[in-house]
Amino acid sequence: MRDVTTAQPLTELDVQPTPLALLLLGRDADPRSERGVECPGDLPAPSDPDLVARARAAKERLGDRVFVLGHHYQRDEVIQFADVTGDSFKLARDAADRPDAEYIVFCGVHFMAESADILTSRSQQVILPDLAAGCSMADMATAEQVAECWDVLTEAGAAEGTVPVSYMNSSADIKAFTGRHGGTICTSSNAERALNWAFGQGERVLFLPDQHLGRNTAVRDLGLSLDDCVVYDPHKPDGGLTAEQLRDAKMILWRGHCSVHGRFTLESVREVRERIPGVNVLVHPECRHEVVSAADQVGSTEYIIKALEAAPAGSKWAVGTELNLVRRLANRFAAEGKEIVFLDRTVCFCSTMNRIDLPHLVWTLESLADGNEVNRIRVDDETARYAQAALQQMLALP
Ligand code: SF4
């Protein structure tokens, strides 16, 4: 359950969805959503020429009391202030390794800050510089929808023998559901191990919330067929599936996807191969199955970085992941003679991740340095306990 300590207590009346347009503008609140809670406070103007100096000064004032985490997909203007960079799970663990830091400022999105809160001590405060920085994929599986799905599985006689496996990119509620039902969390680096473990526990998997990572891992890594997978659509009665389909499936894939990685198409791959002869296509497993099948290499964000580090001089790469990261890697490796381009011709930032900008970071650091605790992300104890069980199961994967 989401609990933002700066927000007012919720009442029945509060629990009304906010129009999407307002959420995308970062206005108003949807307490059932990963995405929108109004970000209070007077932000400095983006045009303020002193923003960099102000961020540096506030960080110095805070000293060891603050630890700034920067996700790989963040803007350069924010990444320059990160004490560590990485993917969401690495960053949550980095935070857990700094028990002396009073404030963990998470430059990422809401579910990542929740995971950091779950893995750090209760006395530490995890801060999200813009509360409107959510994740559209995590929003595609709400606690109510997933509980209803489990009821549908139970009715169909399919719940027994089904093991939930939830991607790290999910809300604390979904992680807690997974822990309650004996499942595990996975990342894009260990999804194969997670599925192998789950098939040792039961006969089928409910994979949440990214259908593409679930399908790609099941088919590419475990050798299951596409026919072994069905897609549960939370917007259709009974998920749009018959009881027989649910019982016969090996993989029940939640109908969720990443709005960034889901944009790459087979046409993007064809076009770049024509445009850059000899190019290696390297994509993230959150991409659609046909894109992953047409790529030369597939792997997590950390895999992508390592593959490019190890690439020989003169090699050419088209990378299908978030644009901030691809640009940074292209600049970093240009001096080594590696040509790195973005897989698609259109711009493809993670818009919610991009909500964390320098004005929000300055406002956050200055507020904390002045003794004003802002934008704390807090997962309630019971949710945290079950979510932690699912995370611990991931750490114990063989
Ligand atoms: S890149 Fe995709 S999965 Fe990651 S935070 Fe953005 S929308 Fe969510």
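Begin by selecting the ligand together with the residues that form a shell around it, and colour the domains separately: the shell draws at least three residues from domain 1 (2-135 + 352-380) and at least three from domain 2 (139-259). As you look, keep in mind that this is a predicted model.

Staying with the ligand, you can count 13 residues that surround it, and the closest of these are Cys135, Met137, Cys258, Val260 and Cys350. If you now colour the shell by residue character, you will find eight nonpolar residues, four polar ones and one charged one.

Next, select Asp48, which sits in the loop that lies between helix H1 (20-24) and helix H2 (51-62). Is Asp48 buried or partly exposed? Asp48 counts as partly exposed, because it has 14 C-beta neighbours inside 10 Å. Add Pro359 to the selection and draw a distance between the two C-alpha atoms: although Asp48 and Pro359 are 311 residues apart in sequence, they are 8.7 Å apart in space.

The last stop is helix H14, which covers residues 301-310, and here you should show the buried residues Thr301, Ile304, Ile305 and Leu308. Looking along the axis of the helix, you will see these residues on the same side of H14, because they cover an arc of only 95° around that axis. Then turn to the other side of H14, where Lys306 and Ala310 are exposed. What covers the buried residues of H14? To see part of the answer, select strand S11 (280-283), strand S13 (316-320), helix H15 (323-334) and strand S14 (339-342), which are included in that cover.

Conventions:
Residues are numbered from 1 along each chain as its sequence is written. This is a predicted model: local features need pLDDT of at least 70, side-chain atom pairs count only at pLDDT 80 or more; totals for chains, interfaces and linings use all residues. A residue is near a molecule or strand if its C-beta atom, placed from the backbone, lies within 6 Å of it. Ala, Val, Leu, Ile, Met, Phe, Trp, Tyr, Cys and Pro count as nonpolar, Asp, Glu, Lys and Arg as charged, and the others, Gly among them, as polar. Domain bounds come from an automatic or database domain assignment. Helices (H or I, at least four residues) and strands (E, at least two) are DSSP runs, numbered from the N terminus. A residue is buried if 20 or more other C-beta atoms lie within 10 Å of its own, exposed if 12 or fewer, and partly exposed in between; C-beta atoms are placed from the backbone. The arc is that of the directions from the helix axis to the C-beta atoms. Two residues are in contact if their C-beta atoms, placed from the backbone, lie within 7 Å.
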